[in-house]
Amino acid sequence: MGGLAIGPVDPFGPLAELAVRRVMLSDLVAAAKFGTGQQIDDPVREQQILDAVVAESVRRGMPSGPPAGFFRAQIEASKVVQNGLFKRWERHPDQRPARTPDLAAEVRPQLDLLTEQILGQLHATVELWRPTMLCGIWRLDDIVHSLDELHRHAVAVSLRPIFAS
C-alpha cells in the first residue's frame with residue numbers, strides 16, 4: 001500500500017496505514033487456517049500477543065492500556081476478515097485460495113514486524129489521542145476507498161480505539 005493521501009497535518013496517517021496493512025494481512029491468516037482445522041479464535045495466541053504488547057509498551061515508557069486496547073482491536077479486525085472470507089469461500093469454492101500459506105513460518109513473521117512498527121507509531125502518537133482532533137482532521141475514506149466492504153469494516157474495527165480515546 002503506497003503513500004496515503006491523509007493530509008500533512010495528520011500525525012495518525014502512518015498508524016492508520018499500518019493498521020490497514022495488518023487488516024489486509026488477515027487474508028493470509030485466513031488462507032493459512034481455512035480447511036486446516038485451525039480455528040479463527042485462538043485465545044492462547046491472542047493473549048501472548050497482548051502480553052508482549054503490554055511488556056513492550058512498558059519498556060518504551062508508554063502507558064500499557066492504549067496499546068493493549070489498540071491491539072485487541074487489531075485482533076478483532078483480523079477475525080472480522082477471517083470470518084468473512086471463510087463464509088465467502090464456503091459459499092464460493094472457486095474463490096478459495098490456491099495455496100495454504102504456513103501460518104508460523106510465513107505469516108506470523110509479517111505480523112510480528114507490523115506489531116513492532118505499530119508500537120513505534122503508538123509511541124509517537126499516544127499522547128495525541130483525542131476523538132475531537134481525529135474526527136476533525138483524519139479522513140478514513142482516504143485510506144479505505146479502494147477496499148471492499150469486508151476490509152473497510154475491519155479497518156473501522158481496528159481503528160476504533162483511537163476514536164474512543
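A pocket, in the sense I will use today, is an open set of grid points with protein on both sides within 12 Å along at least five of seven lines, and I begin with that definition because the largest pocket of this protein, with a volume of about 180 Å³, is one of the places I would like to show you. Please keep in mind throughout that what we have in front of us is a predicted model.

Let me start with the overall architecture. The protein has seven helices and zero strands, so that, going along the chain from the N terminus, the elements read α-α-α-α-α-α-α. There are 165 residues in the protein, and buried residues make up 43% of them. If we take the contacts with a separation of 6 or more, 81% of them are between residues 24 or more positions apart. As for the outside, the protein exposes about 8400 Å², and carbon and sulfur atoms supply 54% of that area.

Now we can go back to the pocket. Which elements give two or more residues to the lining of the largest pocket? They are α2, which covers residues 43–59, and α4, which covers residues 103–125. The largest share, six residues, comes from α2. Among the lining residues you can find Arg45, Gln48, Ile49, Ala52, Val53 and Glu56, and also Leu111, Asp112, Thr115, Glu116 and Leu119, while Arg22 is part of the lining as well. When the lining of the largest pocket is sorted by class, it has five nonpolar, two polar and five charged residues.

Next comes the enclosed space. Rolling a probe the size of a water molecule over the atoms shows where empty space is left. The structure holds one cavity of 30 Å³ or more, and the largest cavity has a volume of about 220 Å³. Its lining is made of 15 residues, and those that lie nearest its centre are Val29, Lys33, Arg45, Ile49 and Gln82. Two of these names, Arg45 and Ile49, may sound familiar, as they also line the largest pocket. The helices α1 (13–33), α2, α3 and α4 each supply at least two residues of the cavity lining, and the largest share, four residues, comes from α3. What classes of residue make up the lining of the largest cavity? It has six nonpolar, two polar and seven charged residues.

That brings me to the charged side chains. Side chains of opposite charge can pair when their charged atoms come close. In this model the count comes to 10 salt bridges, and I will go through three of them.

In one of them, the side chains of Lys79 and Asp41 meet with a distance of 2.8 Å from N to O. Lys79 sits in helix α3 and Asp41 in the loop between α1 and α2, 38 residues apart, so the pair links distant parts of the chain. Is Lys79 buried or exposed? Lys79 counts as buried because its relative accessibility is 11%, and buried means under 20%. Asp41, with 47% relative accessibility, counts as partly exposed.

Another salt bridge is formed by Arg60 and Glu116, whose closest N and O atoms are 2.9 Å apart. Arg60 lies in the loop between α2 and α3, whereas Glu116 lies in helix α4, so this pair ties together parts that are 56 residues apart in sequence. Both partners are partly exposed, Arg60 with a relative accessible area of 22% and Glu116 at 40%.

In a further salt bridge, between Arg99 and Glu106, the closest N and O atoms are 2.4 Å apart. Arg99 is partly exposed, with a relative accessible area of 47%, and Glu106 is partly exposed too, with 27%. Salt bridges that share partners also join Asp41, Glu46, Glu76 and Lys79 into one network.

Let me finish with a single residue, Pro101, which is found in the loop between α3 (65–91) and α4. Pro101 counts as buried because its relative accessibility is 4%. Leaving aside residues up to four places away in sequence, Pro101 touches Leu28, Ala31, Ala32, Glu106 and Val107. Finally, the C-alpha atoms of Pro101 and Val29 are separated by 8.0 Å, although these two residues are 72 residues apart along the chain.

Terms used. Residues are numbered from 1 along each chain as its sequence is written. This is a predicted model: local features need pLDDT of at least 70, side-chain atom pairs count only at pLDDT 80 or more; totals for chains, interfaces and linings use all residues. Side-chain values use heavy atoms; hydrogens and water are left out. Buried means under 20% relative accessible area, exposed over 50%, partly exposed in between (1.4 Å probe, protein chains only). Contact means heavy atoms within 4.5 Å. Accessible areas come from the Shrake-Rupley method with a 1.4 Å probe; for residues, only the protein chains shown count as cover. On a 1 Å grid over the protein atoms alone, a cavity is a set of points where a 1.4 Å probe fits but cannot get out, and a pocket is an open set with protein on both sides within 12 Å along at least five of seven lines; lining residues have an atom within 4 Å of a point. Grid points are joined across faces, edges and corners, and a volume is the space filled by probe spheres set on the points. Ala, Val, Leu, Ile, Met, Phe, Trp, Tyr, Cys and Pro count as nonpolar, Asp, Glu, Lys and Arg as charged, and the others, Gly among them, as polar. A salt bridge is a side-chain nitrogen of Lys or Arg within 4 Å of a carboxyl oxygen of Asp or Glu.
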